[in-house]
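Trainee: I should be grateful for a close look at one part of this model, namely the way its helices pack against one another. Please take me through it step by step.

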Amino acid sequence: MNGRIVVGGGTGFIGKEVVSLFERLDYEVLVISRKKKAKASENWQVKLEILTDRDEEPLNQNTRSWIDIEEDGLPSGTVAVVNTAGQNVLDPLRRWSPGFKQNVYNSRVNTNHLLAKAIARSKVKPKAFVHMSGVGFYPPGLSVQDENSDGGKHDFLAKLVTDWERAAQLPPEVPTRVVSLRSGVVLGRNGGLVQQTILPFFLGVGGSMGAGSQLMPWIHVKDLASLIAHCVFSECSGVYNAVAPQTVTNKQFVKAFAREMGRPAIIPLPEFVLKAVFGAERASIITQSQNVQPTRTLESGFNFSYPTIKEAAEEFAHLMYIDPDAIENEK
């Protein structure tokens, strides 16, 4: 074993991919997940019900609860901490209410804060703390935005990213590198937008979302997991945009998705429907343009395995999907 990696939210869509990758790289992975306890600390800031880990399986020897980490700290031998926890913003079954917005906020900010405190208290500091963030930091529009661009003030999600990243910061005397990955839409067969829409696309009733001409920053989930590993192993520090280098419109994404499935995509989802389902503020994630480029990410030497939407769709656009990495693990 090369050491221990602690992954917050390791049972979610992104987290599972991260766990799988580090296990293939011969690391012991400890997942922070939910666990029901008879007695929980009254002043524990990260309430169980706001976390994104929805499994109810009992914890095994390589799993800890958030309460465990708060009370006991990081396990010995931890070489890196990764946080992928966060309530799904685009959950169509949840109304964009003040309570849900608070859950979205707490599941990101409070978990980062808890992990930062655990790192600061640890006797042997991990090399890196890599956490998810979002391109919602940048204002919408057609202007090119990269890691040096201003933002973080224009709406709820932008302010959320500011607080999300601030919560991960460590005292200056702590040598652990902090990396914030501002991710676009994460595409992969086992979760997120692809899993939510693959059945309509398979049935031939998929189509562009909103106008279809809006720019859509995106990244394949396997590239995202690889970028997280890259940031752990390299000397990366600070903000990196976790988006593919190819800029595409929503209509181009839909076309690539449908073509790979051998289906038409001629039934659009109008903007007013998206607003009715998600609320205007949340629907803007889908309907407004963002032109985000991974400038620092490419400068760091990271190579995308799925740099184009065509290559990404060839991997994920299958109703009956077999993960190629799972096949590799069995060999």
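Mentor: Helices α7 and α11 cross in a right-handed manner. Please bear in mind throughout that the model is predicted. Helix α7 spans residues 250-261 and helix α11 spans residues 309-316. Their axes lie 9 Å apart and pack at an angle of about 40°. Angles of 35 to 65 degrees fall in the oblique class, and therefore α7 is oblique to α11. On the α7 side, the contact is made by Gln252, Phe253, Ala256, Phe257 and Glu260. On the α11 side, Ile309, Ala313, Glu314 and Phe316 take part. Sorted by class, this contact of α7 with α11 holds 6 nonpolar, 1 polar and 2 charged residues.

Helix α7 also meets helix α5, which covers residues 192-202. The axes of α5 and α7 come within 11 Å and cross at roughly 60°. This angle makes α5 oblique to α7. Here, too, the crossing is right-handed. From α5, the residues in contact are Leu193, Val194, Thr197, Ile198, Phe201 and Phe202. From α7, they are Phe253, Val254, Phe257, Ala258 and Met261. Phe253 and Phe257 of α7 thus appear in the contact with α5 and in the contact with α11. By class, the contact of α5 with α7 comprises 10 nonpolar residues, 1 polar residue and no charged residues.

It is useful to set these contacts beside the nonpolar cores. In soluble globular proteins, nonpolar side chains tend to be buried together. The largest nonpolar core in this model has 47 residues. Those with the most contacts inside this core are Val18, Phe22, Val82, Val130, Leu181, Leu224 and Ile228. Helix α6, residues 221-233, supplies the largest share of this core, with 8 residues. Leaving aside neighbours within four places in sequence, Leu224 is in contact with Ile14, Met132, Leu181, Ser183, Val186, Ile219 and Ala242. Apart from the largest core lies another, of 26 residues, among them Leu193, Val194, Trp218 and Val248. Leu193 and Val194 are also among the residues through which α5 touches α7.

A last example comes from another helix. Arg108 is located in helix α3, residues 98-121. Its relative accessibility is 9%, so Arg108 counts as buried. Not counting residues up to four places away in sequence, Arg108 touches Asn83, Ala85, Gly86, Gln87, Val89, Leu160 and Trp164.

Technical notes
Residues are numbered from 1 along each chain as its sequence is written. This is a predicted model: local features need pLDDT of at least 70, side-chain atom pairs count only at pLDDT 80 or more; totals for chains, interfaces and linings use all residues. Side-chain values use heavy atoms; hydrogens and water are left out. Axes are lines fitted to C-alpha atoms, for helices over the stretch in contact, and angles run from 0 to 180 degrees between N-to-C directions. Helices (H or I, at least four residues) and strands (E, at least two) are DSSP runs, numbered from the N terminus. Angles under 35 degrees count as roughly parallel, over 145 as roughly antiparallel, 65 to 115 as roughly perpendicular and the rest as oblique. A crossing is left-handed if the near helix is turned anticlockwise from the far one by less than a right angle, and right-handed if clockwise. Contact means heavy atoms within 4.5 Å. Ala, Val, Leu, Ile, Met, Phe, Trp, Tyr, Cys and Pro count as nonpolar, Asp, Glu, Lys and Arg as charged, and the others, Gly among them, as polar. A nonpolar core is a set of buried Ala, Val, Leu, Ile, Met, Phe, Trp, Tyr and Cys residues joined through side-chain atoms within 4.5 Å. Buried means under 20% relative accessible area, exposed over 50%, partly exposed in between (1.4 Å probe, protein chains only).
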